[in-house]
Amino acid sequence: MKDIYILAVESSCDETSIAIVKNGRDVIGLEVNTQMDTHALYGGVVPEIASRMHTESITLVLDSLLKKTQFNLNNIDAIAVTYAPGLLGSLLVGVEFAKTLSYIYNKPLIKVNHMVGHIYANNIEDHLEFPLLAMVVSGGHTELVEMTGDYEFNLLGATLDDAIGEAYDKVAKVLNVPYPGGPNVERLARNGNTCYDLGKPVNDGSLNFSYSGLKSSVINLVHNYKQRGEEVNVNDLAASFQYAAVDEIKRKVEIALNQNNYKMIVLAGGVSANEYLRTEIGKLAAKKGIRLVVPRMVYCTDNAAMIGAAAYPLFLKNKNIVDYSLNAKSHISTVE
Ligand code: KG4
Ligand code: ZN
């Protein structure tokens, strides 16, 4: 079969990224321009600054990729782009850029769901084998998804309130930990003991998640200590929070694993960079005798290689091929 080369564009949040991916698995080149240092000055991503920075850098990112790979864009088979979910202004920069390339080079344009991209990042590491269980954990999503084949999704459960990454980021704020919150809370937790009781989420027997109660417990505990004029141990509180947050994932993944015979588990989304989560889900997988696949760090955080990986089965199935009326969308689920 002929090799398929996809140029993929990702700009949903604060990373401008472009990649060339061969046959959905072989990353020929990947450029990621992160704006993290700029947003750190404000304690979080400022949407207006993010879209402006994407506009400034996206052409330079492509130029750098083409110089490094020496790839001729006439040899591309399709242009893929993240159209949702994310910050609208940021997404639109990538979407319009991809439309322009598709128009100039007369190549098909493929729209890709960012969250599905996070799942397909695992196909760069290892062949996805179905049926599989995907645990999607990011700043906006906490979803347990079953896949019975390429682009065949069943949503088993989702958060009823906050996403796990959002909880990490809010806890970081109340602990006065600088942006990006998740990795910094994880770092504190490494030196802490799980001695604070933050309560347990209501167990309704479903595969849905809840993080607002846990988040509020942390906020209330910090306020109570402050009012009493006592110092909270930041490392211990981070460790106690992380234990509870990951325990919620473990409980639901274990229920799902007992309901079906999955060939593998994959982790997807920014929070999958968390070592503690990776280790704990690894233990569950080992107990069940199935494989856990987790993307390496560069493919865990936002990147265009995962978008190229997710676009490949769409190209083969002739799905999600869109015209120049494509618009961006800020909120969608993994399974839409
Ligand atoms: O997938 P992602 O880059 O953006 C979204 O699509 O949301 O995920 C970002 C989220 C943030 O909430 C960030 O705090 C969290 O992932 N995150 C982590 C870690 N690294 C990133 N959370 C916990 N531990 C980490 N090591
Ligand atoms: Zn992401």
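**A walk from Ile104 to the zinc**

Ile104 is exposed, because its relative accessibility of 56% is over the 50% cut-off. Keep in mind as you click around that this is a predicted model.

With Ile104 selected, extend the selection to helix H3, residues 88-105, where Ile104 has its place. Now add Tyr103 and Tyr324: together with Ile104 they make a nonpolar surface patch of about 380 Å².

Next stop, the metal. Pick the zinc ion (ligand 2) and show what holds it: His114 and His118, each through NE2, and Asp302 through OD, at 2.1 Å. Along the chain, these donors are spaced as H-x3-H-x183-D. Colour helix H4 (residues 114-125) to find His114, then go to the loop between helix H10 (297-300) and helix H11 (305-317) for Asp302; the pair therefore ties together parts that are 188 residues apart in sequence.

Are these two donors buried or exposed? His114 counts as buried, at 5% relative accessibility, and so does Asp302, at 15%.

Finally, zoom out to the whole protein chain. In cartoon view, look for 11 helices and 11 strands. The radius of gyration is 20 Å, close to the 20 Å that the globule rule gives for 336 residues, so the chain is as compact as a globular protein of that length. Its C-alpha trace spans about 65 × 45 × 30 Å along the principal axes.

Switch on a surface and you're looking at about 14400 Å² exposed by the protein chain, with carbon and sulfur atoms supplying 50% of it. Of the 336 residues, 54% count as buried. As for contacts between residues at least 6 apart in sequence, 74% join residues at least 24 apart.

Key: Residues are numbered from 1 along each chain as its sequence is written. Chains are lettered from A and ligands numbered from 1 in the order in which they are written. This is a predicted model: local features need pLDDT of at least 70, side-chain atom pairs count only at pLDDT 80 or more; totals for chains, interfaces and linings use all residues. Side-chain values use heavy atoms; hydrogens and water are left out. Donors are N, O and S atoms within 2.8 Å of the metal (3.2 Å for Na, K and Ca); water is not among the atoms, so sites may look incomplete. Helices (H or I, at least four residues) and strands (E, at least two) are DSSP runs, numbered from the N terminus. Buried means under 20% relative accessible area, exposed over 50%, partly exposed in between (1.4 Å probe, protein chains only). Patches are made of residues with over 30% relative accessible area and no salt bridge: like charges are joined within 9 Å, nonpolar side chains (Val, Leu, Ile, Met, Phe, Trp, Tyr) within 5 Å. Accessible areas come from the Shrake-Rupley method with a 1.4 Å probe; for residues, only the protein chains shown count as cover. A salt bridge is a side-chain nitrogen of Lys or Arg within 4 Å of a carboxyl oxygen of Asp or Glu. The radius of gyration is taken over C-alpha atoms; the globule rule is 2.2 Å times the number of residues to the power 0.38. Contact means heavy atoms within 4.5 Å.
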